[in-house]
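Let's take a walk through a protein model together. Have a look at the picture first, then read on.

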Amino acid sequence: MLSNDKADVADSQAADRSECQLCHGTRFVHPLLPSGEPDYSRLIPCICTRGEIDRKRSERLQSISNLGALSSLTFDNLVASGRDTDSGSQKLFQLALGEARKFAENPQGWLVLAGPVGSGKTHLASAVANYRIGQGHPAFYITAAELLDHLRAAFSPNSEIEYDELFERIKEAPLLVLDNLDYSSTTPWSKSKLDQLLEFRFNGKLPTLITTGMSVEEFSGDYAGHISDPFFSKILILKKQSSSLQSLDSLDLAMLKNMRFENFDYKRLNITEEERQNLEKAYNIALDFARSPEKWVVFQGGNGCGKTHLAAAIANYLRDAGKEVLFIVVPDLLDHLRSSFGPDSRLSYDALFERIKKIQVLVLDDFGEHSATPWAQEKLYQLINYRYNAILPTVITTRSSLDEMQSSVGSRLADVKISCNININTPDYRGDSVTRKQPGRPKPRK
């Protein structure tokens with residue numbers, strides 16, 4: 001190879017004359033042996049052509065990158081704090097920018113950029129791809145929608161490229177940037193193609209940058225686990241968004257939000273001593289569960305006996321303590337599951353049902369209501385059976401006796417190894433004109 005001194009001379013002479021004094025216009029030179037003599041058995045590009053070679057290589061990498069107009073999006077021309085005026089979102093963007101730069105320098109594993117439209121995730125992803133290309137390394141960019149369109153088109157008899165060839169090229173890209181991944185409106189065929197791609201790259205430990213408007217909880221099955229794998233993936237939230245389950249949770253309703261242990265009256269004036277003891281027992285069971293949520297509690301009783309108040313008190317207590325809890329009325333749950341099949345649903349049925357099944361603490365109010373259809377019975381059985389086998393903390397209220405329920409569900413709710421059942425036998429408290437305020441307030445465990 002040419003020494004630095006000779007390279008400097010060559011640069012100077014090439015600048016002053018039309019013909020390089022090292023290669024004399026041939027554009028190739030013989031490299032030097034350790035002895036300093038030319039190695040006449042080999043030719044290498046002259047230093048005067050290196051810039052052109054690098055430029056052509058960069059142009060070729062850009063042409064096969066599929067970036068198109070996004071080739072102009074770099075780290076140098078993005079706003080370092082993002083375009084959101086919210087200080088919290090700006091901090092999130094700055095963190096994402098730092099991690100994206102690190103990934104661009106040494107892409108390993110998966111980097112997931114999550115955020116709504118306009119949060120800057122596409123600019124960051126493009127900047128990573130353009131940086132790699134600028135360093136002489138290949139990168140391939142494609143949106144999830146474009147990928148699926150390509151795959152569908154490849155099935156056409158007039159396609160110039162075989163389906164397997166196209167898909168393999170994308171699957172095996174040294175660095176893949178998959179932009180705007182969204183499972184919410186995909187068909188089963190489309191979902192299976194995206195799943196194949198993610199599974200292949202995960203198993204092959206291939207560097208992948210994914211942008212999405214979804215939260216991790218919205219990914220189906222194993223792919224939520226792949227994306228949240230702390231040893232392989234890094235998730236960066238570019239802008240805070242409300243949980244996808246927030247719209248299902250009834251606990252923010254004013255009435256339920258105010259149902260707490262401190263305003264639950266188990267010393268009601270218009271009930272018998274036996275009923276009062278029964279109500280106090282239910283209160284203590286609920287409070288013990290809230291302080292240490294394990295296994296199941298099932299509250300049975302008629303309208304107005306206080307079972308929903310106790311269930312909401314548990315949920316409010318746990319939420320105040322920072323626990324993940326979902327309070328949902330069963331008829332509303334079934335309505336949400338049905339609506340998730342619609343074309344306008346933001347969250348797919350599979351993702352929604354999986355998220356509910358695995359929530360840290362689940363409170364099901366009015367269980368057994370509106371569950372007469374075979375479909376509703378099947379869904380509720382699947383939910384109950386999963387949480388039963390996983391022994392996940394669950395609170396259930398019902399007006400039905402266990403004998404009246406579907407046998408496969410009732411037998412699980414009646415299992416004393418996992419479930420504590422309390423039948424509240426007090427009359428409707430909403431007709432009371434006088435109640436006693438309970439002293440003190442239970443303190444949530446942090």
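## Starting in a loop

Between which helix and which strand does the loop with Lys205 lie? Lys205 sits in the loop that links H7 and strand S6 (208-212). Keep in mind as you look around that this is a predicted model.

Lys205 has a phi near 55 degrees, which is a positive value in a residue other than glycine. Is Lys205 buried, exposed or partly exposed? Its relative accessibility is 48%, so Lys205 counts as partly exposed. Now find Trp110: 95 residues separate Lys205 and Trp110 along the chain, yet their C-alpha atoms are 8.4 Å apart.

Asn180 makes a good companion to Lys205. Asn180 isn't a glycine either, and its phi is positive, near 60 degrees. You'll find Asn180 in strand S5, and with a relative accessible area of 45% it is partly exposed.

## Two helices to check with a ruler

Helix H7 covers residues 188-203. How far apart should its ends be? At 1.5 Å a residue, its 16 residues should span 22 Å, and the end C-alpha atoms are indeed 22 Å apart, so the two values agree. Several H7 residues are buried, including Ser190, Lys193, Leu194, Asp195 and Phe202. Right after H7 you come back to Lys205 with its positive phi.

Helix H4 (residues 121-134) passes the ruler check too: 14 residues at 1.5 Å a residue should span 20 Å, and its end C-alpha atoms are 20 Å apart. H4 is mostly covered, with 11 of its 14 residues buried. Among them are Lys121, His123, Arg132 and Ile133. Gly136 follows H4, and the phi of Gly136 is positive, near 90 degrees.

## A five-strand sheet

Next up is a sheet. In general, strands of a sheet pair through backbone hydrogen bonds, and they can be parallel or antiparallel. In what order do the 5 strands of the open sheet line up? They go S4-S5-S6-S3-S7, with parallel pairing. At the edges are strand S4 (140-143) and strand S7 (233-237), each pairing on one side only. From one strand to the next, the twist averages 15 degrees.

Zoom in on S4 and its partner S5 (residues 176-181): the two run parallel and are joined by 4 bridges. One spot to look for is Thr143, whose bridge partner in S5 is Asp179. Helix H3 (residues 87-105) packs on this sheet, where H3 touches strand S3 (110-114), S6 and S7. The direction of H3 makes about 150 degrees with that of S7. Our earlier helix H7 turns up here as well, lying across S3, S5 and S6 and running at about 145 degrees to S5.

## A strand tucked inside

Now move along to strand S11 (residues 394-398). How many of its 5 residues are buried? The count is 5 of 5, so S11 is largely enclosed by the rest of the structure. Thr394, Ile396 and Thr398 point one way from S11, while Val395 and Thr397 point the other way.

S11 has partners too. Strand S8 (residues 296-300) runs parallel to S11 and is joined to it by 5 bridges, with Trp296 opposite Thr394. Strand S10 (residues 361-365) also pairs with S11 in the parallel sense, over 3 bridges, and Leu364 stands opposite Ile396.

## Nonpolar cores

Which residues have the most contacts inside the largest nonpolar core? This core has 33 residues, and the best-connected ones are Phe261, Phe299, Leu310, Ile314, Phe327 and Ile424. Helix H10 (273-291), S8, helix H11 (307-320), strand S9 (325-329) and S10 each supply at least two of its residues. Try clicking on Ile314: leaving aside neighbours within four places in sequence, its contacts include Phe261, Ala286, Phe299 and Val395. A second, separate core of 26 residues includes Leu248, Phe353, Ile359 and Leu364.

## How far to trust it

The protein chain averages a pLDDT of 78, and 76% of the residues score at least 70. Over residues 1-17, pLDDT stays under 50. For residues 433-439 it is below 50 as well. Where pLDDT is low, the predicted coordinates should not be read in detail.

How values were computed: Residues numbered from 1 in each chain as written. Predicted model: local features only at pLDDT ≥ 70, side-chain atom pairs only at ≥ 80, totals over all residues. Heavy atoms only, no water. Expected span 1.5 Å × (residues − 1). Buried < 20%, exposed > 50% of the residue type's maximum accessible area, 1.4 Å probe, protein only. Pairing = 2+ DSSP bridges. Axes fitted to C-alpha atoms, helices over the stretch in contact; angles between N-to-C directions. Contact = heavy atoms within 4.5 Å. pLDDT = per-residue confidence, 0-100. Core = buried A, V, L, I, M, F, W, Y, C linked by side-chain atoms within 4.5 Å.
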